Amino acid sequence: MAAVFFFFFPLHHSTNRIPTTPLRRNLMDMNINNSSGQFKVRLQRSGGNVVMDNGIVQVTLSTPDGDVVGLSYNGVDNILDTKTEAPNRGYWDAVWNNPNEPINTDRLLGTAFKVIVSTDEQLEISFVKTWSVAVGNKNAPVNVDKRFVLLRGSSGFYTYAVFERLTGWPEIEMDQVRIVFRPQKKMFDYMAVSDSWQRVMPTMDDRNNGDPLQYPEAVLLTNPANGKLRGEVDDKYMYSIEDKDNLLHGWISRNPPTGFWMITPSDEFRVAGPVKQDLTSHAGPITLSMFASTHYAGTDVGMKFAEGEPWKKVFGPVFVYLNSASPKEDYRSLWQDAKQQLATEISKWPYTFPQSEDFPSSAQRGSVAGRLLIRDGSISDRLLRASNAFVGLALPGPVGSWQRESKGYQFWTQADSHGSFLINNVREGVYNLYAFVPGFIGDYKYEGNITIKAGSKIKLDEMVFDPPRQGPTIWEIGIPDRTAAEFYVPDPFPTLMNKLYIDHDDKFRQYGLWERYAAMYPNNDLVFTVGVDNYTQDWFYAHVTRDVGNQTYEATTWEVRFSLQSVNQTANYTLQIALASAADCELQVRLNDKTSSQPGFTTGRIGRDNAIARHGIHGLYWLYSVPFPGTQFLKGNNSMYFTQARSHGPFQGLMYDYVRLEAPPRT
């Protein structure tokens, strides 16, 4: 994501001058008392650990492993959970495997510790894990340099890591890179992910004492310590969010009022573009920084390295921020303060303090500007503005390949109402420019490579996107926005709900909604009549299997009924099918013959995003343009049948983004 825009919609105030709320004044006073000419940043050794100290926070790390084992702040000896074994309180890890072998988790433990810089103003230390052939399969064939940075007057610390594979190393797959923190269980019980996603959370004991549901992450709370939570469902995937919005999340202790926050000021080092979903914080308490994962996408977005393939990438920096308030203040003001701190971090990106030569400053980066227009003759004879288009730079590849790209950096922004865009602070390299536009199907790709060098200021000519279309619209279902959010999302079963999402715009995050289909259509499937039915009420959000009991499931077929006043039998009609999600499914389409042994179209077996089970309203995007001969249509009433043919379990299915039938091209 481009470092200037960041899709940071909740904040509207200037990031240059932060309002001095009582909480902000308390924090400023703390900084002044501890750092203004008095407390210098220093490094101390304590047994097998090192302690980074700036008078506000003290960060204790194991040596040479590089795990965060202690975090002191505002009179609290350790913000991290002391009941958890020290190496499991704050750490980096990666999930990897050799091809066709079981996955492994590498804790990325350092074998060498080094002080990179130590001044009165800044401390940066390094923990390096080095791989060699002699190590073999004991850990992932990747060198990792984990860095931790503490600045004078800062109420928190930064961390980043440089991953590198050298020429000649073996073939591997790496599906996940993350940081994990476990704050104190007795302190932190209130979680905040966004302005509207905030709540008191269950404990891990509550989960362990509850009833597991259809998969282990989902638990019915039967006897929680907080009786108000009894009967709710907890699942970490209920709090996933799109990467473009995954900038700030964390925990609040109400006594004493203390906040623990993960701040991610840029999206450039994440994978698969701005709308990929991923985990945030969840019951434990646990706070994550997810750099790479297959969540809501499947192994399509896993990093796959060929034998001998070199690679290097910097993940981060991210900022672990701590704040506090007086007991008289509303503890929720800590969230507002953390939002202000996020704005400050964004304004400073790219940071100037990282010492690694692999993290370029703003002067070592470039920019790309341009304007995107749309040509769709069925809507207008004039070129249209690509208002609010998502425009990004990613590694070169086919049209739309950015959503499966995971090895390089991506820089995204959103165009203005005129289709104009600016992508700032782009690392040096060779990129393709990609775009997708809300309200239109398909993907755009600029015809040539774009080479960014230090100081580049590239201004592109006006570009024109031709969305897929063969002819005028006969009928359409949905809104082409790459989600199924506009369709009918049912209420959850009363005994299986998360109270946070009752009467909430994101009620698709509730558990078990896939089972509501069988309750609504116990014997017959969905029938949608064009011109009569409304997709917001009559088109179920997910095309799933039907549970017929005894852990048996059957395929389901939806029927779309429509009428044609005339038919051109000498030309093809086109069915545009945009899918928002696919999970081990096969979509078959038949026209006017439901029982035909040969469908007019099939996707084949597709998808691994698991978005239905993980409460997502989308996963990866799929688009099919399907021709149907005019001879198969009837004058008058017609029916098109959509079958989800795979039916071995409850989570096989798909979500539609948008479906459109087009007449033959105008001559």
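## Strand pairing, a covered helix and ring contacts

In β31, K445 is the bridge partner of Y434, and this pairing belongs to a predicted model. Y434 lies within strand β30, which spans residues 429–436, and β30 pairs with strand β31 (residues 444–445) over two bridges in the antiparallel sense.

**Around strand β30**

Strand β30 is mostly covered, with six of its eight residues buried. Besides β31, β30 is joined antiparallel to strand β27 (residues 390–394) by five bridges, and L393 has L433 of β30 as its bridge partner. Three further bridges link β30 to strand β32 (residues 450–452), again with the strands running antiparallel, and in β32 the residue bridged to G429 is I452.

The table collects antiparallel strand pairs with the number of bridges and one bridged residue pair for each.

| Strand pair | Bridges | A bridged residue pair |
|---|---|---|
| β27 and β30 | five bridges | L393 and L433 |
| β30 and β32 | three bridges | G429 and I452 |
| β30 and β31 | two bridges | Y434 and K445 |
| β19 and β24 | six bridges | W261 and Y321 |
| β40 and β46 | nine bridges | F562 and N638 |

**The nine-stranded sheet and helix α3**

An open sheet of nine strands, with antiparallel pairing, follows the order β7-β8-β9-β10-β24-β19-β18-β12-β13. The edge positions are taken by β7 (112–118) and β13 (198–200), each of which has a single partner strand, so one side of each is left without a neighbour in the sheet. From one strand to the next, the twist averages 20 degrees. Within this sheet, strand β19 (residues 257–263) and strand β24 (residues 311–324) run antiparallel and are joined by six bridges, with Y321 in β24 serving as the bridge partner of W261.

Helix α3 lies across β10 (156–165), β12 (188–192), β13, β18 (248–254), β19 and β24, and its direction makes an angle of about 35 degrees with β19. This helix covers residues 333–347, and its 15 residues reach 22 Å from the first C-alpha to the last, which is close to the 21 Å expected at 1.5 Å a residue. Is α3 enclosed by the rest of the structure or not, and how many of its residues are buried? Twelve of the 15 residues are buried, so the helix is largely enclosed by the rest of the structure. The buried residues of α3 include the charged D337, K339 and E345 as well as L334, W335, L342 and I346.

**The five-stranded sheet**

A further open sheet has five strands in the order β36-β40-β46-β42-β43, and here the pairing is mixed. Strands β36 (527–529) and β43 (601–602) stand at its edges, and because each has a single partner strand, one side of each is left without a neighbour in the sheet. Strands β40 (residues 556–564) and β46 (residues 636–644) run antiparallel and are joined by nine bridges; one of the bridged pairs matches F562 with N638 of β46.

**Aromatic rings and charges**

The structure holds 52 aromatic pairs. One of them brings together F305 and W311, whose ring centres are 4.8 Å apart and whose planes meet at 50 degrees, so the pair is tilted. F305 and W311 are both buried.

Two arginines are placed over aromatic rings: R254 lies over the face of Y331, at 5.6 Å from the ring centre, while the charged end of R365 sits over the ring of F359, 5.3 Å from its centre.

Notes
Residues numbered from 1 in each chain as written. Predicted model: local features only at pLDDT ≥ 70, side-chain atom pairs only at ≥ 80, totals over all residues. Heavy atoms only, no water. Pairing = 2+ DSSP bridges. Helix = DSSP H or I, 4+ residues; strand = E, 2+ residues; numbered from the N terminus. Expected span 1.5 Å × (residues − 1). Buried < 20%, exposed > 50% of the residue type's maximum accessible area, 1.4 Å probe, protein only. Axes fitted to C-alpha atoms, helices over the stretch in contact; angles between N-to-C directions. Contact = heavy atoms within 4.5 Å. Phe/Tyr/Trp six-rings, centres within 6.5 Å; stacked < 30°, edge-to-face > 60°. Lys NZ or Arg CZ within 6 Å of the ring centre and 35° of its normal.
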